[in-house]
Every structure is written in structure tokens, then in C-alpha cells.
Amino acid sequence: MKQVTLIRGDGIGPEITEAVVKIIKAAGVEIDWDIQTAGADVIETEGVPLPERVINSVKNTGVALKSPVTTPIGKGFRSVNVQLRKDLDLYANLRPCYNLPNVKTRFDNVDIVVVRENTEDLYAGIERQVDKDTAESIKIITRKASLRIAEFAFDYAVKNNRKEVCIVTKANICKLSDGLFLECARDVAAKYPSINFREILVDNCCMQLVQNPNQFDVLLLPNLYGDIVSDLCAGLIGGLGIAQGANIGKNYAVFEPVHGSAPDIAGQDKANPTAMLMSAIEMLNYIGEKEAGEKIKKALFKTLEADIKTADLKGTATCSEFTNTIIDFLVD
Ligand code: ATP
């Protein structure tokens with residue numbers, strides 16, 4: 001039986017985790033979950049939000065399904081998400097964004113895959129207070145990280161029958177840092193003649209995305225622009241409740257929804273488990289359970305088509321009702 005680390009998170013984390021585990025079981029996939037706690041609750045007992053045992057578990061199983069974990073603000077802890085990505089060298093953040101059935105959005109047929117560099121840029125956390133009125137943050141871009149993320153994006157494009165990779169930077173202003181990222185992407189693009197290569201500045205990209213998103217296929221971005229643009233793309237397809245994500249490295253992968261722990265609705269059976277479920281479907285693909293993943297996706301789509309939706313999608317279903325309907329469609 002395949003072992004997968006399961007990080008239950010906090011806020012709505014435990015509710016959506018329970019929903020997804022139930023659906024996967026109902027689809028007939030046997031997984032030996034290594035359940036790991038992390039986040040605010042763990043600080044009291046273990047002193048840190050991300051204990052070493054969680055990292056060791058992922059190193060052991062190779063793959064994790066993770067629900068949102070809150071990093072307490074202003075208590076001196078590093079972000080759990082950033083630390084996980086760094087400790088496991090999960091250098092690629094992958095966010096496929098496409099329309100789901102019966103989820104009304106401004107545009108139809110959006111199908112964009114955001115590939116975000118996950119380890120450097122302004123997220124390197126190199127900041128200092130120069131004097132009391134001046135702060136400084138250093139943007140790190142290296143050839144090694146830029147080449148490997150570009151290779152990831154082009155490889156992904158080939159393996160998933162995509163036509164184009166569009167690289168997004170602000171290389172006209174950040175001439176050295178974004179310039180290096182762009183140069184590396186161009187070098188990699190030259191090795192993939194079957195994939196179109198396009199360049200765009202991030203400000204123009206944002207405008208084009210909200211005017212005509214259908215022109216985009218795979219987007220390749222450095223860390224910070226990737227963070228912002230991927231949330232923009234999540235908005236295009238119906239918001240955080242349905243936006244899936246994955247962090248992938250050479251040896252390990254962590255699948256997680258884009259949204260946070262939504263403390264405002266935690267414990268009320270209101271959360272939408274779709275983003276977590278879509279992330280789990282990608283996790284199932286990754287561990288070789290593609291067929292089960294497709295089966296679950298079909299049941300999810302039928303549920304949405306039947307107009308069973310949670311409050312964030314203007315429906316009236318609770319998280320449990322939504323989950324149980326998916327399970328009913330699985331056995332149909
Ligand atoms: P973080 O800093 O952890 O990202 P946040 O508060 O900025 O936290 P979220 O926790 O993602 O962001 O919540 C943003 C809004 O979206 C909240 O109003 C929340 O209730 C809503 N939301 C997020 N995820 C879901 C979900 N799965 N189902 C329903 N509503 C959600």
C-alpha cells in the first residue's frame with residue numbers, strides 16, 4: 001500500500017482533509033496515510049509550527065497532501081510553507097487553473113498553468129533595517145534555479161501537450177536579476193523547438209489576463225510575480241475555494257490548495273473542499289493512481305453540474321453535504 005504524508009493543518013484544514021480522505025477511500029484507493037500535525041496548535045506542545053518529524057515523514061514517503069497551516073504573525077516563526085519548500089527543495093510551484101463546470105466566471109475556457117519558481121527571489125528573506133527610516137530586501141536570482149525551473153516548465157509543456165510557454169518578468173527594470181531569469185529561460189526554450197516561446201512584462205501580463213486570459217497557456221515566473229499572478233488566475237476561475245496547487249522537487253512533492261486556513265469560517269462546516277480535492281487528484285496522478293483521480297474528478301464535476309455548491313460559490317451546501325454528494329456520484 002502506498003504511503004502518503006497527510007498534514008491536517010489548522011482553521012478549515014482538518015474539515016477539508018477529512019472530506020478528501022473520505023472521498024479517496026470511497027473511490028477505492030487504499031492509502032496508508034502518515035498523519036502529521038503542524039501549525040499553531042503544535043507550537044504549544046512542540047515549540048515550533050513545523051517540527052522536524054513532519055519533514056522526516058515527507059522524506060520517508062516522498063509525497064504529501066497538505067491542508068493549510070497558519071503561521072502565527074509576529075511571533076518570530078518562519079512561514080511553514082516557505083520552510084517546507086526550502087527544506088525539501090520543492091523548487092517548482094505548479095498551479096493549473098481551468099474553469100470548472102457550473103462555476104460562473106467572467107471568461108469561459110480558461111486553461112492556464114502557472115509555473116512559479118519556489119526557492120529564491122524576494123522570498124529568500126534577506127532583509128535588513130538600514131536605519132530607522134530605511135529597510136532593504138534583496139532579490140536573489142541564480143542561474144541554477146532559473147535554469148531548472150525553465151526546464152521544469154518546458155518539460156511540463158511537452159508532457160502535457162501544451163503549445164506555449166510565456167515567460168513573465170520585469171526585465172526592463174530589474175535588468176540584472178530578471179534579466180538573468182529571462183536569459184536562462186531563452187536558453188532552455190532553444191532546446192524545445194516544438195513549444196512556442198513568448199516573453200511578456202508582468203504588468204502587461206496582468207492586464208492581458210483580465211482582458212483576454214484565453215491567449216495564455218503555460219506561464220513561467222520568478223517567485224514573487226508567480227505568487228501574485230497565480231492568485232489572479234485563481235480569481236479568473238472562481239476563487240480560492242477551487243484553486244489547486246503543488247510544490248514539486250527532484251525527490252519529493254507536496255500537494256496543497258492555494259487558499260489559507262480561512263479562520264473566519266473554520267469549524268462551521270462551510271468550507272469548500274474542492275481546492276484540496278483537486279490537489280489530491282494531482283497527488284493521485286503523481287503516485288500512479290490516475291484512473292482513480294479521473295473518477296473522482298468526474299464525480300466532482302457531476303456534483304457541481306447538479307448545482308450542489310458551497311457558500312463561496314453562491315451555493316447552499318455544507319462541506320459535508322457537498323462531500324457526500326461527490327461520494328454518491330462515485331458509486332453511481
Ligand atoms: P493566508 O494568509 O493563510 O493566506 P488569508 O485569510 O489571507 O490567509 P484565506 O485563509 O485563504 O486567506 O481566506 C481568504 C478568504 O477566502 C476568507 O474569507 C475565507 O473564508 C475564504 N476562503 C478561503 N478558502 C476557502 C475555502 N476552501 N472555502 C470557502 N471559503 C474559503
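**Pockets, ligand site and selected residues**

In this predicted model, Thr 119 touches Asp 89, Leu 90, Tyr 91, Ala 145, Arg 148 and Asn 223, with residues up to four places away in sequence not counted. Thr 119 belongs to the loop between strand 5 and strand 6. Its partner Asn 223 is 104 residues away along the chain. The two C-alpha atoms are nevertheless separated by 7.2 Å. The side chain of Thr 119 also makes a polar contact of 2.6 Å with the side chain of Glu 117.

Asn 118 occupies the loop between strand 5 (111-117) and strand 6 (127-131). Its relative accessibility is 6%. Asn 118 therefore counts as buried, since the limit for that class is under 20%. Beyond its neighbours within four places in sequence, Asn 118 is in contact with Arg 85, Leu 90, Tyr 91, Ala 92, Asn 93, Asn 223 and Asn 247. Leu 90, Tyr 91 and Asn 223 appear among the contacts of Asn 118 and also among those of Thr 119.

Asp 89, one of the residues touched by Thr 119, lies in the loop between helix 4 and strand 4. Asp 89 is not a glycine, yet its phi is positive, near 50 degrees. With a relative accessible area of 34%, Asp 89 is partly exposed. A positive phi, about 55 degrees, is also found at Asn 161, again not a glycine. Asn 161 sits in the loop between helix 5 and strand 8 (164-169). At 65% relative accessibility, Asn 161 counts as exposed.

Open space in the model was then examined. The largest pocket contains about 760 Å³. Its lining comprises 25 residues. Leu 94, Tyr 156, Asn 160, Glu 282 and Asn 285 lie nearest the centre of this pocket. Several elements each supply at least two lining residues: strand 4 (92-98), strand 5, helix 5 (143-159), strand 11 (244-248), helix 9 (274-286) and helix 10 (290-305). Helix 5 provides the largest share, six residues. By residue class, the lining of the largest pocket holds 11 nonpolar, four polar and 10 charged residues.

The second largest pocket has a volume of about 360 Å³. It is lined by 26 residues. Those nearest its centre are Asn 81, Arg 85, Arg 95, Val 258 and His 259. Arg 85 is also one of the contacts of Asn 118. Helix 4 (80-87), strand 4, helix 8 (223-236), strand 11 and strand 12 (253-257) each give at least two residues to this lining. Strand 4 and strand 11 thus recur: they are listed for the largest pocket and for the second largest pocket. The lining of the second largest pocket divides into eight nonpolar, 11 polar and seven charged residues.

One cavity of 30 Å³ or more is present in the structure. The volume of the largest cavity is about 40 Å³. Its walls are formed by Pro 96, Cys 97, Tyr 98, Leu 100, Ile 237, Ile 242, Ala 243, Gln 244 and Met 278. Strand 4 contributes most to this lining, with three residues. Eight of the lining residues are nonpolar, one is polar and none is charged.

The ligand is surrounded by Ile 12, Leu 240, Gly 241, His 259, Gly 260, Ser 261, Ala 262, Asp 264, Ile 265, Ala 271, Asn 272 and Asp 312. His 259 is likewise among the residues nearest the centre of the second largest pocket. Three polar approaches to the ligand stand out. A backbone N or O atom of Gly 260 lies 2.6 Å from a ligand oxygen atom. Asp 264 places a polar side-chain atom 2.9 Å from an oxygen atom of the ligand. For Asn 272, a backbone N or O atom lies 2.9 Å from a ligand nitrogen atom.

Thr 323 is part of helix 11 (residues 319-331). Its relative accessible area is 2%, so Thr 323 is buried. Apart from residues up to four places away in sequence, Thr 323 touches Ala 19, Ile 23 and Pro 273.

Notes. Residues are numbered from 1 along each chain as its sequence is written. This is a predicted model: local features need pLDDT of at least 70, side-chain atom pairs count only at pLDDT 80 or more; totals for chains, interfaces and linings use all residues. Side-chain values use heavy atoms; hydrogens and water are left out. Helices (H or I, at least four residues) and strands (E, at least two) are DSSP runs, numbered from the N terminus. Buried means under 20% relative accessible area, exposed over 50%, partly exposed in between (1.4 Å probe, protein chains only). Contact means heavy atoms within 4.5 Å. On a 1 Å grid over the protein atoms alone, a cavity is a set of points where a 1.4 Å probe fits but cannot get out, and a pocket is an open set with protein on both sides within 12 Å along at least five of seven lines; lining residues have an atom within 4 Å of a point. Grid points are joined across faces, edges and corners, and a volume is the space filled by probe spheres set on the points. Ala, Val, Leu, Ile, Met, Phe, Trp, Tyr, Cys and Pro count as nonpolar, Asp, Glu, Lys and Arg as charged, and the others, Gly among them, as polar. A residue is near a molecule or strand if one of its heavy atoms lies within 4 Å of it. A polar contact is a pair of N or O atoms within 3.5 Å; within protein, one must be able to donate a hydrogen and the other to accept it, and residues adjacent in sequence count only if both atoms are side-chain atoms.
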